[in-house]
Amino acid sequence: MIGCFKLRIMDIVLATRNKKKIEEIKRITEGMAISIFTLDDFPGCPEVEEDEDTFEANAIKKAAAVARYTGKPALADDSGLEVYALNGAPGILSSRYAGERAGDRENIEKLLYETSSIADERRGARFVCCIALASPDGSVKTFSGYVEGRIGTAPRGFNGFGYDPIFYSEGHSRTFAEMSDEEKDAISHRGRALRAIQQYLRGISEGKIDF
Ligand code: IMP
């Protein structure tokens, strides 16, 4: 007997212009009944300023604005590094810690400077990633991923991006920048948040969950 199987195609707009993030989401939704659109499909979509106080609020703000504009469910993320001894800095300012035009190298230099007098046992930190899925009617669901670790005293490794060369995840003696993409994905904040939303999207795509 053929089961009572409800299969619908769901459209999702990715609220990012970052090609790496677009590829990542396309990869995890492969084989699902989901059509991925990007902001390139909606050239008039206004830029959304990330000016909220938390990763979650920024992700929600971006996803909700794009869902409202496009009339389709939209997905956005926000992520960053929190250093406990610096009261959570750089946090939501991670990408512009050393200034609006700063690149990864300047941000790392500033963080190493700010932590230069902090002893080894107080160098704890975590990466956070929050993904929001918003529908045009205003409802929102969020998915978070975290990875605990510590900040090194000098950059090591050349893979990845951002603060990877100075972040050691708990139990590891190599930085994220010394790991392969697969190794990092398996333990990273973004990998964890993506796996959580992957499960949710699979549920929608198989008709088991209503969004
Ligand atoms: P956004 O989520 O694209 O706004 O990125 C925020 C910033 O956080 C990045 O520019 C990086 O500085 C930092 N960041 C977020 N995730 C990672 C990561 O996986 N490795 C290193 N740095 C990261």
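## A tour from L75 to the ligand

Select L75: at 6% relative accessibility, this residue counts as buried. The model is predicted. L75 is found in strand β3, which spans residues 74-83.

**Around L75.** Show what L75 touches, leaving aside its neighbours within four places in sequence. The contacts are I12, V13, L14, A15, I25, A63, I131, A132, L133 and I197. Now pick A63. It is twelve residues from L75 along the chain, and the two C-alpha atoms are separated by 5.2 Å.

**Strand β1.** Next, select residues 10-14, strand β1. Four of these five residues are buried, so the strand is largely enclosed by the rest of the structure. Which strands pair with β1? One is β3, which runs parallel to β1 and is joined to it by two bridges. Look for V13, which stands opposite A74 in β3. The other is strand β2, residues 34-38; it also runs parallel to β1, with five bridges joining them. Here the bridge partner of L14 is T38. Then follow the chain from β1 to β2: it crosses through helix α1, residues 19-28, and this β-α-β crossover is right-handed.

**Back to β3: D77.** Select D77, also found in strand β3. Is D77 buried or exposed? At 11% relative accessibility, it counts as buried. Leaving aside its neighbours within four places in sequence, D77 is in contact with K21, A59, K62, C129, C130, I131 and R190. Zoom in on K21: its side chain makes a polar contact with the side chain of D77, at 3.0 Å. For a backbone view, pick I60. Its C-alpha atom is separated from that of D77 by 8.1 Å, with the two positions 17 residues apart along the chain counted as their spacing.

**The ligand.** Now select the ligand and the 15 residues that surround it. The closest are K21, S79, D164, K184 and R190. Two of these names, K21 and R190, have already come up as contacts of D77.

Which polar atoms should be picked out here? Start with K184: a polar side-chain atom lies 2.8 Å from an oxygen atom of the ligand. Move to D78, where a polar side-chain atom lies 3.3 Å from a ligand oxygen atom. Finish at Y163. Here a backbone N or O atom lies 3.1 Å from a nitrogen atom of the ligand. Last, turn on the protein surface: taken alone the ligand exposes 490 Å², and the protein buries 88% of that.

Conventions: Residues numbered from 1 in each chain as written. Predicted model: local features only at pLDDT ≥ 70, side-chain atom pairs only at ≥ 80, totals over all residues. Heavy atoms only, no water. Buried < 20%, exposed > 50% of the residue type's maximum accessible area, 1.4 Å probe, protein only. Helix = DSSP H or I, 4+ residues; strand = E, 2+ residues; numbered from the N terminus. Pairing = 2+ DSSP bridges. Right-handed = clockwise from strand over helix to strand, strands pointing away. Contact = heavy atoms within 4.5 Å. Near = heavy atom within 4 Å. Polar contact = N/O pair within 3.5 Å; in protein donor to acceptor, adjacent residues only side chain to side chain. Areas by Shrake-Rupley, 256 points an atom, 1.4 Å probe, with all protein chains shown as cover.
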